[in-house]
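Let's take a look around this one together. Have the sequence and the 3D view open as you read.

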Amino acid sequence: MDRFTGRVAVITGGARGIGRATAERFAREGASVAVVDLDEASAARTAAELPLTEGAGALGVGADVSRADSVEAAVARVHERFGRLDVLMNNAGLIRDNLLFKMPESDWDLVMGVHLKGAFLMSKAAQRHMVEQGSGAIVNVSSTSALGSRGQANYSAAKAGIQGFTRTLAAELGPKGIRVNAVAPGFIATEMTDATARRLGVEPEEFRRLNAEATPVRRVGRPEDIASATAYLASDDAGFITGQVLYVDGGATVG
Ligand code: NAD
């Protein structure tokens, strides 16, 4: 299925994990893909390895999504290279977990800056081109942690904020032909969850096993699970869907 032939997708935090799997998915479905990540060399390496279809291109861009100047330059580079911008996935992220009483102000600011301000800056820069085209789709990455998560006051607040941001952009940009949705992943096996395991003193393998046991479908998520949900929401198949949050969590939030 080539749902994205002739279209350009920008994936932030695309060098690895969920972002990388999603960049691969868009490439396989015909898109030209810009991989935006902190380190230009890692972004370029992932971009060079994407399974592109004929006529499509890939670009690796080093940028910090929490900095306005960096974002402006990144989006300008993408537009210069491909001449349009159809899909934005706001996926870049990090965690700085701690109980509230131990959480330094700098870790609150960092997490808010990357997730929430990053999504704001990238969306603001990208929508200019989408409005000009009269079409586009933004997929923001929230999390089941938005519903509350011990030790993650900063991350939980940022991921809940993403949901309000998503609904608001959907209302503002819908009349311009731009749809805005969010995916809210549950436990996805990536370097992020492996780092959490190590912080808790558990082997990553064991941490996955325990989380799989607590999940109705009895497995943890794979980056590809988020890639397919994101591709769906960004595609014309979801043409009447906007302002929604799709939980992709194997039923973890069902109860
Ligand atoms: P990951 O750590 O493997 O990848 C995150 C990527 O974001 C990295 O490549 C990193 O370099 C990049 N990044 C970090 N700060 C950046 C910045 N300021 N500018 C640009 N890029 C930056 O993590 P992942 O598990 O693939 O997570 C991807 C997204 O999914 C994140 O938003 C995360 O919060 C969210 N999420 C993950 C899970 C999970 O279980 N893994 C669950 C829910 C939500």
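## The cavity and its lining

Helix 4 (105-133) is the top contributor to the lining of the largest cavity, giving 5 residues. Helix 5 (153-173) joins helix 4 in supplying at least two lining residues each. Keep in mind that this is a predicted model.

How much space lies in that largest cavity? About 70 Å³. Of the 13 residues lining the largest cavity, Asn90, Asn91, Ala92, His115 and Ala119 come closest to its centre. Sorted by class, the lining has 7 nonpolar residues, 5 polar ones and 1 charged one. As for cavities of 30 Å³ or more, the structure holds 1.

## Strand 2, wrapped up

Now turn to strand 2 (residues 32-37). Is it buried or exposed? Buried: 6 of its 6 residues are, so the rest of the structure largely encloses strand 2.

In a regular strand, side chains alternate between the two faces of the sheet. Here both faces are covered: Ser32, Ala34 and Val36 are buried on one side, while Val33, Val35 and Asp37 are buried on the other.

## Strand 2's partners

Strand 1 (residues 8-12) runs parallel to strand 2, and 5 bridges join them. In one of these pairings, valine 8 has serine 32 of strand 2 as its bridge partner. Helix 1 (residues 17-28) comes into the picture too: strand 1, helix 1 and strand 2 make up a right-handed β-α-β unit.

Strand 3 (residues 58-62) also pairs with strand 2 in the parallel sense, over 5 bridges. There, aspartate 37 finds its bridge partner in glycine 62 of strand 3. Strand 2, helix 2 (residues 40-48) and strand 3 form a right-handed β-α-β unit as well.

## Rings that meet

How many aromatic pairs are there? The count comes to 2. One of them is phenylalanine 4 with phenylalanine 26, an edge-to-face pair at 4.7 Å centre to centre with 65° between the planes. Phenylalanine 4 sits in the segment before strand 1 and phenylalanine 26 in helix 1, so this pair ties together parts that are 22 residues apart in sequence. Both phenylalanine 4 and phenylalanine 26 are buried.

Then there's phenylalanine 187 with phenylalanine 207: their ring centres are 5.4 Å apart and their planes at 65°, so this pair is edge-to-face. Phenylalanine 187 belongs to the loop between strand 6 (178-185) and helix 6 (191-199), and phenylalanine 207 to helix 7 (residues 204-213), so the pair links parts 20 residues apart in sequence. Phenylalanine 187 and phenylalanine 207 are buried too.

Key
Residues are numbered from 1 along each chain as its sequence is written. This is a predicted model: local features need pLDDT of at least 70, side-chain atom pairs count only at pLDDT 80 or more; totals for chains, interfaces and linings use all residues. Side-chain values use heavy atoms; hydrogens and water are left out. Buried means under 20% relative accessible area, exposed over 50%, partly exposed in between (1.4 Å probe, protein chains only). Helices (H or I, at least four residues) and strands (E, at least two) are DSSP runs, numbered from the N terminus. Two strands pair if DSSP finds at least two bridges between them. A crossover is right-handed if, with the strands pointing away from the viewer, the path from the first strand over the helix to the second runs clockwise. On a 1 Å grid over the protein atoms alone, a cavity is a set of points where a 1.4 Å probe fits but cannot get out, and a pocket is an open set with protein on both sides within 12 Å along at least five of seven lines; lining residues have an atom within 4 Å of a point. Grid points are joined across faces, edges and corners, and a volume is the space filled by probe spheres set on the points. Ala, Val, Leu, Ile, Met, Phe, Trp, Tyr, Cys and Pro count as nonpolar, Asp, Glu, Lys and Arg as charged, and the others, Gly among them, as polar. Rings of Phe, Tyr and Trp (its six-membered ring) pair if their centres lie within 6.5 Å; planes under 30 degrees apart count as stacked, over 60 as edge-to-face and the rest as tilted.
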